[in-house]
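Thanks for passing this one along. Here are my notes, set out as numbered points so that you can follow them with the coordinates open.

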Amino acid sequence: MHPFNYHKPSTLAEAVALHQGAEDPAYLSGGHTLLPTMTQRLAAPSDLIDLEGLTELIGIAVDNGTLSIGAFTRHAEVAASTEVQSALPALAELAEGIGDAQVRNRGTIGGSLANSDPAADYPAAVLALNAVIHTDRRQIPADGYFRGLFETALEADEVITRVDFAIPSRAAYEKFPNPASRYATVGVMVADFNGTVRVGVTGAGPCACRADAFEAALSARFDPAALDDAELPAIDFNSDLHASAEYRVHLVRVMAQRATARLASL
Amino acid sequence: MEQSGEHLIPVERATVWRSLNDPVVLARCISGCQSMEQLADDRFAATVKARVGPVRATFEVALTLTDIHPPESYVLQVEVKGKAAGFGKGLAEVALAEAEDGTTLLRYSVAGRVGGKLAQIGARLIDSAARKMADDFFSALHEALDPAADRQQSANPS
């Protein structure tokens with residue numbers, strides 16, 4: 001690794017000030033994407049600003065139909081949280097399925113969303129559960145957050161502080177994991193808010209998106225068969241060594257139908 | 001890695017052709033381009049700082065034009081070297097056709113390979129990243145040639 005300055009601020013304001021004053025800074029959260037990239041010399045930030053000391057970013061709370069998760073909360077903490085398990089079991093299950101134990105013990109929800117890997121799991125939930133992303137300076141609604149491949153509405157020095165998920169009447173997440181990395185080849189969350197259904201899709205395109213036609217079909221009739229002929233999201237489907245675009249097209253429908261079937265059979 | 005696409009550019013073909021041979025315009029349209037030098041009529045050298053997600057690496061890019069048929073088409077040979085990051089090689093066929101009302105239809109197809117660490121760590125992202133870079137390039141070219149262009153339209157992936 002190239003030499004770099006390491007900072008561990010204890011307040012949010014200090015973290016942002018460090019970022020603004022550095023030549024080529026990067027925030028460090030779980031580090032499971034950034035650190036391998038640095039050891040491969042595919043990134044060489046001048047300053048790493050570790051957010052681990054910001055205790056204000058940790059924690060889980062349920063209040064008035066909203067589940068709030070602090071940005072520095074680890075995937076393993078979300079998976080094991082009794083509050084999440086009872087208020088939004090689909091999200092606990094999603095967190096339990098991220099990567100492996102090492103990733104879940106280090107990785108954080110804020111880090112995952114700031115990175116916006118096209119195959120990350122949380123983005124599907126953020127869209128399906130109509131989340132609001134709180135930062136050090138504003139609130140960003142889910143629908144305006146994901147902009148493209150690794151592109152979000154965040155500014156370079158902006159820090160996610162917490163994510164507020166709307167608690168649906170029922171929700172399920174189904175993914176087709178890559179067998180090695182357990183990234184979502186395609187992952188779909190179906191969330192039913194008293195008959196109004198939202199569907200978040202990840203892994204399929206450059207960034208997570210909603211499946212509008214699926215939402216309309218399921219809001220009219222909550223049945224896997226309602227998705228047989230529903231139109232797919234109008235995105236450029238990813239194609240890589242793991243799955244062709246055609247295969248991902250197929251998986252989006254199948255994962256959405258499996259999630260719907262699980263909920264319909266309850 | 002293979003991909004292709006087309007862009008309708010609302011200026012005449014001769015202008016588009018000139019821009020595709022102009023190092024100043026090329027430099028402006030390549031995202032992260034830090035320098036662009038014309039070594040000969042048909043050869044350029046560029047330094048590009050690529051930013052895709054966590055990856056921030058500087059690449060030396062050598063561009064060579066072959067099969068030049070002004071103002072209709074050329075083949076662009078691209079060689080990319082990043083010090084520790086790996087290397088890449090590609091061929092881009094670019095063709096310009098006159099379209100209605102003095103506009104120009106630009107078609108391109110790109111085929112390439114990457115090696116080294118870039119390929120190891122980025123294998124699952126190379127195609128999406130390459131598509132984004134190509135889209136960004138042609139959108140920027142579109143805008144450079146037609147400042148009145150609807151930014152919203154050029155920002156959408158084709």
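**Notes on the sheet, the fold and the interface**

1. A good place to start is a single residue pair: Tyr173(A) has Met189(A) as its bridge partner in β12(A). Please keep in mind throughout that this is a predicted model.

2. That pair belongs to a longer ladder, in which β11(A) and β12(A) run antiparallel and are joined by eight bridges. The two strands make a hairpin with six residues between them. If you check backbone torsions, have a look at Arg182(A) in the turn, where phi is positive at about 60°.

3. How are the strands of this sheet ordered? The order is β11-β12-β13-β14 in chain A, an open sheet of four strands with antiparallel pairing. β11 (170–177) and β14 (209–210) of chain A each have a single partner strand and stand at the edges, so one side of each has no neighbour in the sheet.

4. Being at the edge does not leave β11(A) bare: six of its eight residues are buried, and the strand is mostly covered. Helix α5 of chain A, residues 89–96, lies across β11 and β12 (184–193) of chain A and runs at about 20° to β11(A).

5. Towards the other edge, β13 of chain A (residues 196–202) runs antiparallel to β14(A), and two bridges join them. One residue pair to display here is Val201(A) with its bridge partner in β14(A), Cys209(A). Helix α9 (residues 212–220) of chain A lies across β12, β13 and β14 of that chain, at about 150° to β13(A).

6. Stepping back to the whole of chain A, there are 10 helices and 14 strands. The C-alpha trace spans about 55 × 45 × 30 Å along its principal axes. Why does the radius of gyration fit a compact globule? For 266 residues such a globule would have a value near 18 Å, and chain A has 18 Å, so the two agree.

7. Burial and contact order round off the picture of chain A. Of its 266 residues, 49% count as buried. Among contacts between residues at least 6 apart in sequence, 62% join residues at least 24 apart.

8. Finally, the partner chain: 18 residues of chain B are in contact with 21 residues of chain A. On the chain B side, the elements giving two or more residues are β4 (55–69), α3 (117–122) and α4 (126–145). The largest share, five residues, comes from α4(B). By type, this side of chain B divides into 10 nonpolar, two polar and six charged residues.

Note on methods: Residues are numbered from 1 along each chain as its sequence is written. Chains are lettered from A and ligands numbered from 1 in the order in which they are written. This is a predicted model: local features need pLDDT of at least 70, side-chain atom pairs count only at pLDDT 80 or more; totals for chains, interfaces and linings use all residues. The radius of gyration is taken over C-alpha atoms; the globule rule is 2.2 Å times the number of residues to the power 0.38. A residue is buried if 20 or more other C-beta atoms lie within 10 Å of its own, exposed if 12 or fewer, and partly exposed in between; C-beta atoms are placed from the backbone. Two residues are in contact if their C-beta atoms, placed from the backbone, lie within 7 Å. Ala, Val, Leu, Ile, Met, Phe, Trp, Tyr, Cys and Pro count as nonpolar, Asp, Glu, Lys and Arg as charged, and the others, Gly among them, as polar. Two strands pair if DSSP finds at least two bridges between them. Axes are lines fitted to C-alpha atoms, for helices over the stretch in contact, and angles run from 0 to 180 degrees between N-to-C directions.
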